[in-house]
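Visitor: Could you take me in for a close look at one part of this model, where the backbone pairs up, and then work outwards from there? I'd like to see how the neighbouring pieces fit on.

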Amino acid sequence: MFFPYQPMPLARRTLSFSHPDWLFEIKHDGFRALAYVQARQCRLVSRKGYVYKRFQELTEQIEASLNAQSAVLDGEIVCLDKNGKSQFKSLMYRRGESYFYAFDILQLDGRDLRSLPLHARKQKLKRLIPRQPSALLYVDHIEQHGERLFHLACREDLEGIVAKLRNGAYDRQHGTSWIKIKNPGYTQIVGRQELFEPTFSFLKVL
């Protein structure tokens, strides 16, 4: 099957910032994926174009709950603890229920939305997310106050935040308007490299 879209890349920045032209989101720690929903069938596709094979229950829940005939969502596959925090090892080793945190929408019922401003795309996306409880979740944001959100992410031991131009299009050809700012003290990063050693094939767990 042909998957025509590629995820928006993220630039990196060390220091957080605040600005009225930007939106700020919590960065959830999981597997980046585009969710292709067509005729009530969902496929979760990685940044490299691979279809995730072992999230059948999650794809079925997205199929059943998304209020649209067809759509392409950008988001993160995660496992969450009882406090709603991402747990990467639980995701890697399938130790918990998986969720899809959607933060953008590229296409809806045949209409390409990538040229719309980000805030308009997120409004459309939010209307598609079902009432909770659901495995399909919406990544909310705050406007302007990125430093405040980053301080919260660090205090709560989250991976970090993502800054996005409020009026930015989903346009890879002209670079990126998305910036990730990672929490330097994030405890789940310790030992992460060991999970991706050649002796442990990452593709086997997909």
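Guide: Start at Gly160, whose bridge partner in E11 is Lys182. Bear in mind as you zoom in that this is a predicted model. The pair belongs to a run of five bridges between strand E10 (residues 160-165) and strand E11 (residues 178-182), and the two strands run antiparallel. As a quick reminder, strands of a sheet pair through backbone hydrogen bonds, and they can do that parallel or antiparallel.

There's a side-chain link to look for here too. The charged end of Lys164 sits over the ring of Trp178, 3.8 Å from the ring centre. By their numbers, Lys164 falls within the stretch of E10 and Trp178 within that of E11.

Now pull back a bit. E10 and E11 are two of five strands in an open sheet, which reads E1-E11-E10-E2-E9 and has mixed pairing. At the edges you find strand E1 (11-12) and strand E9 (142-144); each has a single partner strand, so one side of each is left without a neighbour in the sheet. Helix H3 (residues 118-128) packs on this sheet and touches E10, E11 and strand E2 (19-26). The direction of H3 makes about 40° with that of E2.

Next, the rings. Trp22 has a number that falls in E2, and it's a handy way into the ten aromatic pairs that the structure holds. Trp22 pairs with Phe17: the ring centres are 5.3 Å apart and the planes are at 90°, so this one is edge-to-face. Phe17 and Trp22 are both buried.

Tyr52 and Phe55 make another pair, with centres 5.9 Å apart and planes at 80°, so they too are edge-to-face. Tyr52 is buried, and Phe55 is as well. Ring pairs tie these two together with Phe31 and Phe88 in a cluster. Phe88 also has a charged visitor: Arg192 lies over the face of its ring, at 3.9 Å from the centre.

One last stop, by way of Tyr52. Setting aside neighbours within four places in sequence, Ser46 is in contact with Tyr52 and Arg32. Ser46 lies in the loop that runs between strand E4 (41-45) and helix H1 (56-65). Even though it's in a loop, Ser46 is buried, because its relative accessible area is 11% and the cut-off for buried is under 20%.

Key: Residues are numbered from 1 along each chain as its sequence is written. This is a predicted model: local features need pLDDT of at least 70, side-chain atom pairs count only at pLDDT 80 or more; totals for chains, interfaces and linings use all residues. Side-chain values use heavy atoms; hydrogens and water are left out. Rings of Phe, Tyr and Trp (its six-membered ring) pair if their centres lie within 6.5 Å; planes under 30 degrees apart count as stacked, over 60 as edge-to-face and the rest as tilted. Buried means under 20% relative accessible area, exposed over 50%, partly exposed in between (1.4 Å probe, protein chains only). A charge sits over a ring if NZ of Lys or CZ of Arg is within 6 Å of the ring centre and within 35 degrees of the ring normal. Helices (H or I, at least four residues) and strands (E, at least two) are DSSP runs, numbered from the N terminus. Contact means heavy atoms within 4.5 Å. Two strands pair if DSSP finds at least two bridges between them. Axes are lines fitted to C-alpha atoms, for helices over the stretch in contact, and angles run from 0 to 180 degrees between N-to-C directions.
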